[in-house]
Structures are given as C-alpha cells and as structure tokens.
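Thanks for coming. I'll go through one structure today, stopping at a few local features, then the ligand, then the empty spaces.

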Amino acid sequence: MINLSVTKIAEIVQGEVIGDSNRIVNNVLTDSRIPVSGSRVIFVAINGQNHNGHEFVYELYEYRDINVFLVEKDEVNYSLCPEASFVIVDDTLQALQKLAVYHRNRFAYPIIGITGSNGKTIVKEWLNQLLSDEYQIVRSPRSYNSQVGVPLSVLQMDDHFDLGIFEAGISKPGEMVKLQPIIDPSIGIFTNIGMPHQENFDDIDEKVNEKLKLFREVNTLIYCKDHAVIDTIARENTLLADNQLLTWGQNPEANIKVRSIKRLESKTEVHVQYKQQEFNLTIPFIDGASYENAMHCVATMLLLGYKASDIEERLKRLQPVAMRLELLEGINGCSLINDSYNSDLGSLAIAVDFLMQQKQHDKHVVILSDILESGYAPEQLYSKVAQMLEDKGVDLLIGIGPEISRYDYAFDIDADFYTSTHEFLADLKRRELRDSAILIKGSRKFHFEQICSTLERKVHRTILEINLNAISHNLNHYRSLLNPDVMIMAMVKAFSYGSGSFEIANLLQYHRVDYLGVAYTDEGVALREAGITLPIIVLNPSFGTYEVMIEFNLEPEIYNFAGLREFISVLNRVGVSSYGIHLKIDSGMHRLGFLPVQVDELLDIIKSTNSVRVESIFSHLAASDEPQHDEFTKQQIEIFSSVYDKLSEGLGYKPVKHILNTGGIERFPEAQFDMVRLGIGLYGISPTQQDKLMPISTLRSKVIQVKYVQPGETIGYSRRGVVEKPTTVVTIPVGYADGLSRLLGNGNYRMMLNGKLVPTIGNISMDTTMLDATGVDVKEGDEVIVFGNEPTIADMAKAMGTIQYEVLTSISQRVKRVYFQE
Ligand SMILES: *Cc1c(COP(=O)(O)O)cnc(C)c1O
C-alpha cells in the first residue's frame, strides 16, 4: 500500500498531471494482463521489448475501472479517457524506479539484498523460513529481480514489516546502479558467480564488479571465500573495509570456517568454527548448491546474533523451495495447479494469475490454507485475500484451517470452509469438483499434497514435461528479431508440435501473439472450446468441416479452386458475408497453393462475391534453413511478392502478407513483410541459433525393475540383446507405442540415468525398453531422462536418422504432458 496522491507521485517522478490530482493510489500495476482492477490502482505503462503498455490504457480504463495512469509523452490520447488522471513523464520505467526509491526511504528497518548467478531465490526463501519466528518479513515474490520486478517488490513494503529481503538480477552492465538505491540493502549476500548472461559482459571480472555495485552502501557483505574471483574483487573494492566482509568457506582465512563436510544418504553434515565456538550443522539436502545456499543463511543468522544451537535446530527443518507452478491433469475434467509448498500474499497473487490464465475452464477455484506469518493481523489479512480473489475473478474459495474459517465473513465470493485438510478430504466425494481449474495453495503443515494426489489423474509413469517459461523465452527471442509492427502467427498444429494444445495456446494468447495456426478444423474447435479467442487459421481444412469452421469462427487457408468455390457456397447457404480467408500461393514448394498462372481466375471468382474477404495472402518456403538453396528461396520470395502485388491490386486492398517460417525468420529478415509464422523455434529448436533458445520438453521415465544378468543370457524380443559380461539391466515403461522408435534399440541411443548416459540393450518393445546400466548405482524408482538437456532431441533425431520435428511430434498422446511455470 503506497498511499500516495497523484500530486505527490507527480512530484516524486517529476511528471506533469492531467486530470484530477487528488486521487489516492495504493497499488501499482505494470502488466495489464494481471487481473487487478479498481480506483486505487495506478497503471504504469512501460514501453518494453515485447509490449507497449500504452496500448492497454484505454482497455484498462474502460473495462477495469482503472483511472490513474503513469505514461510517457505523446503515447496516449487523453481525451479517450476523460475521467482519468495521467502523470506524464519521459521514461516510465525510470519513473517507476524513482517511485520505488521514494517508497524505500520511508522505512528504516534492515534490508537484506541478494545477488549472484544462482541461488538468489532459494536463499531468500530459506531466510524467510529460518527468520520468520522473530521477524515480519517482506520479500520479493518468487524471482521478481529485474528492472521492473525489483521496484514492484520494494513497493510492497509497509510498516507492518520489520525486515526486507529482496533479490536483484542483472543481464547487462549498467543495471545494478539503478537497482542499488531501490533496495539500498544494509546486509548484502553475494551467492556465487557463473555463466548466466555472460554474453553481455566482457569477462567474469566485469560481471562481479557490476554485481558488487548493489553492496556499495551495506554494513556487511556475506560471501563464500572459496569463490576466488568474488573474494579478490571484493577485497580490492575500496568501498567496503575488510571488517565489513563476513566470509565463510573452507579457505582458512574465512571468518566462518568450514572444517569438514560429510555427505550422508539424505543430509549433509558440516562442522563449523566461528570466533571461539565450534559446532555441527545438519543440512537436510545432499547437493552442493543446497550446501552453499544454506551456508549463506547460516552466515546471515550469525550476523544477526542467533545462537549456534538455534541455528542448528532450525536448519534441520529447512524445506525445499518450490520454484515452479505445475499444471496437472485432474480427475473429472479438472486442471490442477499444485502450489502446496507455501502460502503468502505475494506468491498467492502470482499463483492466482496463473490460475486465471487457464481459459479452458469457466470456473476457477482456489483451495487455500491459513496463511502463516504474514505480518498482518488476521482480520486484515483475510480481508486482503478476499479482495484479491474477488478482483481477480475467482469463482469459489475453499478455505482450510482454523484461522481462515474463523474469518469466513471476510469473503464475499462463494466460499466453503473446513477446519482441517482431513475434514475437507472426507467431504470431497460429496463436493463433485468438476470441469474447473483448481489452485491448491497451502502452507506445508497443512499437507495439501494429499489433496493434490487425491484430485490428480493417475497415469503412466512416463511423462513429457513442458517448461512454459522456455516457450515464453523462445517467443521473445523471435520477437526481438522482428521489425516493429510485424505480426506473429504461432503455429500450434499437430498438438503444438507434440507439446500440448490449449495449455500452449493459453500461454500464447497471454503473450498476445496475433494469430494461431492449426492444421485441422478439429484442432481449432478444441482451442475455441478451451476459451481461446485469438484469430485461428486452419491450414488444411477439409470440405466437410466448413460449416463447423464458420460456427467456431475459424479462418480457412484456401489453396485451390474447388475449396474456394465450396467455401463460398457454404457461406452463401448460411448467409454470412465478408468472411476472412487466407490465400496460399505455391511459389515453388509444390505442396499446396495457387500457382502464379491461376491468379487472374482467382481474382475473378473473389471479385464476383461479397461472401469472402481476403485477410491474408501467403506462401511457404521449401528450404529456408538450408544455405545451399538460398538462391531458390530468394526466387520463391520474389515470385510470391509479384503474385501478392497483382492480387492486392486486383482486390483493391492490401491483405496481410507473409512467407517466413522459423528458418526464414532467422535467415531472411528482409522478407518479414506484415507477419511471420513461427513454429519449431517456439518449441526450442533452431536451424541457426540454437544457443539463443531454451529446450522446452523433457521426456522422463522411471526404472521399474533392476536385474543382474550373466554372460550368455539374452535380453528382450528376438533375443537381440546378447549379454557378454555381467550386466545390470533396467527396464523403463516407455516403448514404441509411446513414440520411442525401434530404431533406437540395441545400443543405438543412450539415456541419462543417475548422471550417466546408458545405452539401450535389446529391441525396444511396445510399452517398455531395457537399458544397460552396468556400473551405475541404480535402484527401482530412479529417474531416467529419455531426452531433455542431455541427451537432447537432436541426439535422438540423429540416432533415428530423422529431423527433430519428427521426434517432437511423434511422442504419443498416451504420454501425459505436465506443464510448469517458474
Ligand atoms: C508448419 C508451418 C509453419 C511453421 O514452420 P516451422 O519451420 O516449424 O517454423 C509455417 N507455415 C506453414 C504453412 C506451416 O505449415
């Protein structure tokens, strides 16, 4: 709650006001897609890389009752929002940051600032777990650590809290200087330094120096002295005196000395010496990253004056941090979002936003436990929660816990309350939760994982996991290659190249692509039924489905005369005019499309009717990713352009013009025209810029049996796997019926098992595959990566002698897709 008048905000950001300047603002919104509304919100319109926030001002004013806006000069037409107040500045991002600096300086309580390449979010969340008995903590929601995320985090501060923990991330030089005054930490934690975003820095020293700028005003900086680069640069840094550094590590010079580290089955034991005391700590994790993150927390607690015995006791209870929101398929046609790890206001807001993005369901349900340690008095807390759920459009709340039940009167939306998880589960049968999107969000002690496992549809142990953040990342990469105003049609045909349907389309709609492309009418209908409202083009419409297409507002690709005539006659029959169609031109691929010689006849037919309107004219490249065919590609572009000119001249208007697919976007920027059609690149596969993309899918399976087989025995059908030495064989539940080609059997492919690549042995069966895991420490239940980061889809395609498109699209529908968002 920032509680500032429009006048005051204008003064802080040095802006000019148009309209009523007495309004009071409490909340700041930068992303118009987040469903917040109401009169106490200021929308900050940021002209970003992917969206220009100013485009949404009118919509927010008209439909969401927002009437205070921070905008840049000459970006909006003020007269369209006659009742609104505008604060006008040159640079809204800078203004948001100034506002955050102002707000930060209203509070005197200590702030911990965290930066580094990895571990920021975990250290922040763990400190919250460890310190919340004594402190009321305000912290960055999830990983809000960017130029926009940091100001938004800091704007949550208010005087209920007495400690802040904020993280800062940067991707290029010059950014940290802007974040430092916003966070202005008194305690700094530098987690570590590594590779992310290296491309924008000359070398690692430059990166460390840039990150250190966050700490120029701290009283104490904490870091691991075993990181030599950080140590050298921190000590050379003239802003911090030696006694302001609190270091830990095995280095004998460290202030907190790690004398020994023992990795046991499920925990790590560390022997530590600090000043005069020696003590043992138990970290309930075994990986190196968790050790490092935990030690940063230990150092912070020592600095804050905690006793060794308290630190020891609390460290044992550290809980893993759920870094992601998982979208699962539920029973009774539901979708589930499992966030049963923590509950606080910031993460609740983010999770509810993800819930509301699930347009495939009309009904949105939140199952929420008591919120612990919020820093607010319960009555105030639950009325805030109630307001948020209502603002965001949640249909039903199921509140679980004694406290939330006590404040049931705070909730105006439909709500039911139970005092315990057990009581809710007992009542679940009667409740009949159906066809809904359900967010399951609770503090750990409520054991909501039980609710999740009851509501989840149980299937096959092999899953294809899809990273929705990676799709967003890849989309943004291609956006960055486009000229301003070039539209994007995202291709979601063939079940989004095997990775899902409405789940992907929802995300693309959220990111405001301009069109979706599907292959068949059915695919388009499924998207409409799931609530997708974007224009959808059907590339391969068959005659019999034209009426359905019209009913669902799908636009056909028209590639021949028979199709055109039939479509016109159906339109006439149902009495529709000016229906959008897309003309496909064959510029040389010779698959589908009108040939250049057919243009005159085509024009005659179209001009003789008012039932169709040509929305776009397009063609497809046969070899956009293959340099040896570049002359041919250029010729295709030329032929297409001349056909386009002739058609648009004849029509008397200019339909949208497009030819590029992924390879074309990367290699022929001069042919972007009005729109591009992005397919495989969205799904993480690039012909020429693989390092700019993130892989989106991981095919995971599990060992269901382990055997030790002696020489002379054979494995699998036709006895093809001949054993020559004592061999460990493991079986996994994925076979050719799941899309794992038989070409990959008999050692032709290797999968990742417990950190080692192990080959297939014997023939692949319909439902199972055997791997030679000799020398690997393996037990039943261990995970196997069929493809993902390593081995990659490219490795599998190579082993099969095919292209990655085929690997992606051949994973069968039997394999459940699980989506997650970080
Ligand atoms: C599939 C398809 C695309 C996308 O191609 P990618 O190489 O996957 O980017 C574009 N246009 C048409 C007509 C398509 O069929």
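A definition to begin with: a residue is called buried under 20% relative accessible area, exposed over 50%, and partly exposed in between. With that, take N255. This is a predicted model, so please hear every value as computed from it. N255 has a relative accessibility of 32%, so N255 counts as partly exposed. As for its place, N255 is in the loop between strand 13, residues 245–249, and strand 14, residues 256–263. Between N255 and Q273 there are 8.4 Å from C-alpha to C-alpha, and the two are 18 residues apart in sequence.

Next, some backbone geometry. As background, most residues other than glycine have a negative phi, and most peptide bonds are trans. Here are some exceptions.

S496 has a positive phi, near 50°, and is not a glycine. This residue sits in helix 17, which covers residues 493–498. Is S496 buried or exposed? The relative accessible area of S496 is 0%, so S496 is buried.

R512 also has a positive phi, near 55°. R512 is in the loop between helix 18 and strand 25, the latter being residues 515–518. At 24% relative accessibility, R512 is partly exposed, because buried would need a value under 20%.

The peptide bond between E790 and P791 is cis, with omega at about -10°. P791 belongs to the loop that runs between strand 40, residues 783–787, and helix 25, residues 793–800.

Now the ligand. Which residues are around it? They are M491, K493, Y497, L539, R591, H620, N661, T662, R677, G679, I680 and Y805. By class, this shell has five nonpolar, four polar and three charged residues.

Some individual distances are worth giving. From a nitrogen atom of the ligand to an N or O atom in the side chain of R677 is 2.7 Å. For the side chain of H620, an N or O atom is 3.4 Å from a nitrogen atom of the ligand. With G679 the backbone is involved: one of its N or O atoms lies 3.0 Å from an oxygen atom of the ligand. On its own the ligand has 390 Å² of accessible area, and the protein covers 94% of that.

On to the enclosed spaces. How many cavities of 30 Å³ or more does a search of the whole structure find? The search finds two.

The largest cavity holds about 50 Å³ of space. Its lining is made up of K584, I585, D586, S587, G588, M589, H590, R591, L592, S619, H620 and Q636. Those residues divide into three nonpolar, six polar and three charged. R591 and H620, in this lining, are also among the residues around the ligand.

The second largest cavity has a volume of about 40 Å³. L327, F354, Q357, Q358, L468, E503, N506 and L507 line it. The classes here are four nonpolar, three polar and one charged. Which helix gives the most to this lining? Helix 18 does, with three residues.

Let me stay with helix 18, which runs from 502 to 510. Seven of its nine residues are buried. The buried ones are E503, I504, A505, N506, L507, L508 and Q509. Among them, E503, N506 and L507 are in the lining of the second largest cavity. A reminder on geometry: an α-helix has 3.6 residues a turn, so residues three or four places apart point the same way. After helix 18 comes R512, the residue with the positive phi already mentioned.

Helix 18 also takes part in an open space, the second largest pocket, to whose lining helix 18 gives the most, with three residues. About 1000 Å³ of space lies in this pocket. Its lining has 36 residues, and H51, F56, R479, R512 and V513 lie nearest its centre. At least two lining residues each come from helix 2 (57–64), helix 11 (345–356), strand 24 (487–491) and helix 18. By class, the pocket lining has 12 nonpolar, 13 polar and 11 charged residues.

To close, R512 is the residue to find on the screen: R512 is in the loop between helix 18 and strand 25, and R512 is one of the residues nearest the centre of the second largest pocket.

Methods
Residues numbered from 1 in each chain as written. Predicted model: local features only at pLDDT ≥ 70, side-chain atom pairs only at ≥ 80, totals over all residues. Heavy atoms only, no water. 1 Å grid on protein atoms, 1.4 Å probe; cavity = no way out; pocket = protein on both sides within 12 Å on 5 of 7 lines; lining within 4 Å. Points joined across faces, edges and corners; volume = space filled by probe spheres on them. Helix = DSSP H or I, 4+ residues; strand = E, 2+ residues; numbered from the N terminus. Nonpolar A, V, L, I, M, F, W, Y, C, P; charged D, E, K, R; others polar. Buried < 20%, exposed > 50% of the residue type's maximum accessible area, 1.4 Å probe, protein only. Near = heavy atom within 4 Å. Polar contact = N/O pair within 3.5 Å; in protein donor to acceptor, adjacent residues only side chain to side chain. Areas by Shrake-Rupley, 256 points an atom, 1.4 Å probe, with all protein chains shown as cover.
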